[in-house]
Amino acid sequence: MAAAYDADGLQLDLADRLSLKRVAGMSTQVADISEVEYRDLQLERVVLISVWTSGSEADAENAMAELKLLAETAGAQVLEGLIQRRKSADPATYVGRGKVDELREVVVATGADTVVCDGELQPAQLRNLEDRVKVKVIDRTALILDIFAQHAKSTEGKTQVELAQLQYMKQRLRGWGGNLSRQAGGRAAGGAGIGGRGPGETKIETDRRRINTRIAILRQRMRDLDATRANKRADRRRNRIPSIAIVGYTNAGKSSLLNRITNAGVLVEDALFATLDPTTRRHATPDGRVYTLTDTVGFVRHLPHDLVEAFKSTLEEAAAADLLLHVVDGSDADPVGQVQAVRQVLNEIGAGEVPEQLVINKIDRADADSLQVLRTTYPEAVFVSARTGEGIEQLRALAENRLPSPEVQVDALIPYERGDLVDKIHRNGQFLTMEHTGEGTRVVARVHPELAGELKPFEVAARG
């Protein structure tokens, strides 16, 4: 009996990822904290805190559920979650004074070692909140950066993550004790003598200089990697190979969709940001036209700006595509919010004008009422299940029909010794008719101008 078909393949990368897991309670990190605000994260037992400033209560609860998934993806055990309703976050401690005291009580009662805030906090807010609750405090940005650091595999991915981490860290340098000393000013600097001058460059200044030097090195490395990626894109454009980019919210099923369509065998995991390194695969339409499919990094609400900047070259794959397959998790509690968040990021990276095909995925998990609402809201969407294969053929046909067609129609009689031209039409053109005759292969096809020039000597009208 034949083995069941598995579109995701062997998934060796997933086995590697699952082979190492954090063990709760095994941290030996010293109690003293370093002078850098972005420290090694003690993500073991955490309490979540969020400020609800706008939207409905359901929106606030969905945001907290997403923060819980982010924390668990980073390796944490979530103990408790608190939400405070305020017009705006407190400029000193993020949450109000009373909620800080309540948060401290929850931390003591649960034995948590980390507090995770749902938002990007200013350095002063992080310090003040940490001083009050007496445990490590991190914000949403640091949490996402930690997940990216765990999942980055390629040289490009690791470089992008480190660059984003350093840009985040540079603004959060923190001095302790003697490290706060500065060079003396006024008369002391003008020659007050021994004992009147400052110690020179402070520890914070040294750290900032080292970070800036490292950022410069990483940016140069990214420019080199960008050049390689740009060359590949230019090669595809030169050969007129159409491209499709699969975009969408994190964990919407983009990699599963790529596997289902092309049998790519890329890593698939039911976790946030499982894919950081874009994967491009060639595929062909039933009439032989070649095109590429690219799996991109997932988006999330309030994606940190430093990450968008660092991953700009990767995200440009979407901006350069001929068609976007925008994948949405149909079983999510707020799929409409996912669509809005992804479209916001697409506009930020200059891909807002690229033709888009909405794909509602995971219909095997979604309830019928939710799917009916989505069908009404997005009548142009295709409903599929990458896991079961339902709707995939319809999606493939629709996507291939929306790819740009070659613009020049030719009628040529190609000698049999020029089979290379027939092969080029197969790969980069579109056959309308093909007939084998005694003199050669008679083709009527649509091709790009460059290939039309090569076929010109064999055109039937030219021969006549």
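**View 1. Arg375 lies over the face of Phe383.**
In this predicted model, Arg375 is placed 4.1 Å from the centre of the Phe383 ring. A second close-up of this kind can be made elsewhere: Arg85 lies over the face of Trp52, and here the distance to the ring centre is 4.4 Å. How many aromatic pairs does the structure hold? The count is zero.

**View 2. Helices α5 and α6 cross at roughly 155°.**
Helix α5 covers residues 140-151 and helix α6 covers residues 155-170. Their axes come within 10 Å. Which way do α5 and α6 run relative to each other? Angles over 145 degrees count as roughly antiparallel, so α5 and α6 are roughly antiparallel to each other. Their crossing is left-handed. To find the contact, look on α5 for Thr141, Ala142, Leu145, Phe148 and Ala149. Their partners on α6 are Val161, Ala164, Gln165 and Tyr168. Sorted by class, this contact of α5 with α6 has seven nonpolar residues, two polar ones and no charged ones.

**View 3. Helix α2 packs against α5 at an angle of about 40°.**
Here we meet α5 again, this time with α2, the helix of residues 57-73. The axes of α2 and α5 are 9 Å apart. Are they parallel, perpendicular or something else? Given their angle, α2 and α5 are therefore oblique to each other. The crossing of α2 and α5 is left-handed. From α2, the residues Glu66, Leu67, Leu70, Ala71 and Thr73 take part in the contact. From α5, they meet Arg140, Leu143, Ile144, Ile147, Gln150 and His151. The contact of α2 with α5 is made up of six nonpolar, three polar and two charged residues.

**View 4. Helices α9 and α14 pack at an angle of about 85°.**
Look for residues 254-262 to find α9, and for residues 392-402 to find α14. Their axes are 11 Å apart. How do α9 and α14 lie to each other? With this angle, they are therefore roughly perpendicular. On the α9 side, Leu257, Arg260 and Ile261 make the contact, and on the α14 side they meet Ile392, Leu395 and Arg396. This contact of α9 with α14 divides into four nonpolar, no polar and two charged residues.

**View 5. Asp334 sits in a loop between β8 and α12.**
The loop that holds Asp334 joins two elements you can pick out by number: β8 spans 323-329 and α12 spans 335-348. Which residues does Asp334 contact, leaving aside its neighbours within four places in sequence? They are Asp59, Asn62 and Arg301. Asp59 invites another look, since it is 275 residues from Asp334 along the chain. The C-alpha atoms of Asp334 and Asp59 are nevertheless separated by 8.1 Å.

How values were computed:
Residues numbered from 1 in each chain as written. Predicted model: local features only at pLDDT ≥ 70, side-chain atom pairs only at ≥ 80, totals over all residues. Heavy atoms only, no water. Axes fitted to C-alpha atoms, helices over the stretch in contact; angles between N-to-C directions. Helix = DSSP H or I, 4+ residues; strand = E, 2+ residues; numbered from the N terminus. Parallel < 35°, antiparallel > 145°, perpendicular 65-115°, else oblique. Left-handed = near helix turned anticlockwise from the far one by under 90°. Contact = heavy atoms within 4.5 Å. Nonpolar A, V, L, I, M, F, W, Y, C, P; charged D, E, K, R; others polar. Phe/Tyr/Trp six-rings, centres within 6.5 Å; stacked < 30°, edge-to-face > 60°. Lys NZ or Arg CZ within 6 Å of the ring centre and 35° of its normal.
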